[in-house]
Amino acid sequence: MITNKINADIILNELESGIRFGTDALLLADFASNAKKGLCIDLGTGSGVIPLLMLASGSNASFIGLELQPEYANIASENAKSNGYGDRFRIINGDAADYKSLFESGRADYVVTNPPYMRADCGAENASDALNVARREIAGGAELFCRAAAWCLKSGGGFFAVYRPDRLVNLFTAMKNCNIEPKRLRAVIPSVGKRPSLILVEGRKDGREGLIYENDLIIYTDETHSVQTEEMQAIYRRF
């Protein structure tokens with residue numbers, strides 16, 4: 001177990017051998033910043049960092065985090081309580097495949113997710129089982145998470161995800177199959193002239209067709225990644 005102070009308000013406990021707080025979580029929390037009220041469900045919450053960031057930045061929503069791995073679920077629950085959000089951020093230790101028994105249908109206003117983005121058979125496995133489950137589609141991928149999101153969401157409810165650019169078709173197909181219409185897309189670029197490293201996507205359950213491709217979010221001004229862009233600095237200041 002390690003403890004990090006990730007901003008002025010949040011102290012985060014994390015598994016030393018597991019998924020750690022990174023840019024993808026920060027950018028997804030910022031991208032989903034209009035989730036200000038109602039109920040927001042985080043599918044695959046890990047240490048709980050995305051709801052914690054959203055709460056610390058001013059969201060008045062209540063949050064439920066679903067986490068498959070018991071060790072992560074316990075840490076997320078401790079993080080919610082130790083940061084003063086135990087009454088607004090509840091953790092469920094469960095499998096997204098059991099979404100019909102875990103959640104009431106059509107109750108959530110928003111769903112956020114940073115799902116496993118690597119195929120189960122892709123590349124060398126991680127030494128840590130916790131990392132393997134968090135990163136690889138061992139226990140389910142975009143299709144499962146979209147089915148769970150569609151069950152949880154009200155008609156018109158918002159879906160927010162961060163995903164890999166090379167698998168974007170996989171995410172869009174899953175969303176469309178579950179009546180979650182892609183409405184907004186933003187590519188995250190490490191530095192000028194580079195290819196996207198992440199894709200941020202917003203969808204709307206039962207939404208009409210129409211996708212807005214927003215300006216790219218560039219993280220660094222230089223190839224050595226030593227100076228962040230003004231926009232990236234502004235995102236950090238918001239949190």
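**Exercise 1.** Is Lys154 buried, partly exposed or exposed, going by its relative accessibility?

*Solution.* Start with the ground rules. This is a predicted model, where local features need pLDDT of at least 70 and side-chain atom pairs count only at pLDDT 80 or more, while totals for chains, interfaces and linings use all residues. Residues are numbered from 1 along each chain as its sequence is written, and side-chain values use heavy atoms, with hydrogens and water left out.

Next, the scale: buried means under 20% relative accessible area, exposed means over 50%, and partly exposed is in between (1.4 Å probe, protein chains only). Lys154 comes out at 35% relative accessibility, so it counts as partly exposed.

**Exercise 2.** Find the salt-bridge partner of Lys154, then look at two other salt bridges.

*Solution.* The rule asks for a side-chain nitrogen of Lys or Arg within 4 Å of a carboxyl oxygen of Asp or Glu. By that rule there are nine salt bridges.

- Lys154 pairs with Asp109, and their closest N and O atoms are 3.0 Å apart. This pair links distant parts of the chain, with Asp109 in strand E6 and Lys154 in strand E7, 45 residues apart. (Helices are DSSP runs of H or I with at least four residues, strands are runs of E with at least two, and both are numbered from the N terminus.)
- Glu231 pairs with Arg186, with 2.9 Å between the closest N and O atoms. Glu231 sits in helix H8 and Arg186 in strand E8, so this pair ties together parts that are 45 residues apart in sequence. Glu231 is partly exposed at 34%, whereas Arg186 is buried at 13%.
- Glu14 and Arg20 meet at 3.8 Å, N to O. Here Glu14 is buried at 3%, and Arg20 is partly exposed at 41%.

**Exercise 3.** Describe the surroundings of strand E3 (residues 39-43).

*Solution.* Begin with burial: five of its five residues are buried. Then sort the side chains. Leu39, Ile41 and Leu43 point one way, while Cys40 and Asp42 point the other way. That fits a general pattern: in a regular strand the side chains alternate between the two faces of the sheet.

Now the neighbours. Strands pair if DSSP finds at least two bridges between them. E3 runs parallel to E4 (residues 62-67) over five bridges, and Leu39 has Ser62 as its bridge partner in E4. The chain gets from E3 to E4 through helix H2 (residues 49-56), in a right-handed β-α-β crossover; right-handed means that, with the strands pointing away from the viewer, the path from the first strand over the helix to the second runs clockwise. E3 also pairs in the parallel sense with E6 (residues 108-113), over four bridges, and there Leu43 has Thr113 as its partner.

**Exercise 4.** What kind of aromatic pair do Phe31 and Phe160 make?

*Solution.* Rings of Phe, Tyr and Trp (its six-membered ring) pair if their centres lie within 6.5 Å; planes under 30 degrees apart count as stacked, over 60 as edge-to-face and the rest as tilted. The structure holds three such pairs. For Phe31 and Phe160, the centres are 6.2 Å apart and the planes are at 85°, so the pair is edge-to-face. Phe31 is in helix H1 and Phe160 in strand E7, so the contact ties together parts that are 129 residues apart in sequence. Both residues are buried, and they form one aromatic cluster with Tyr110.
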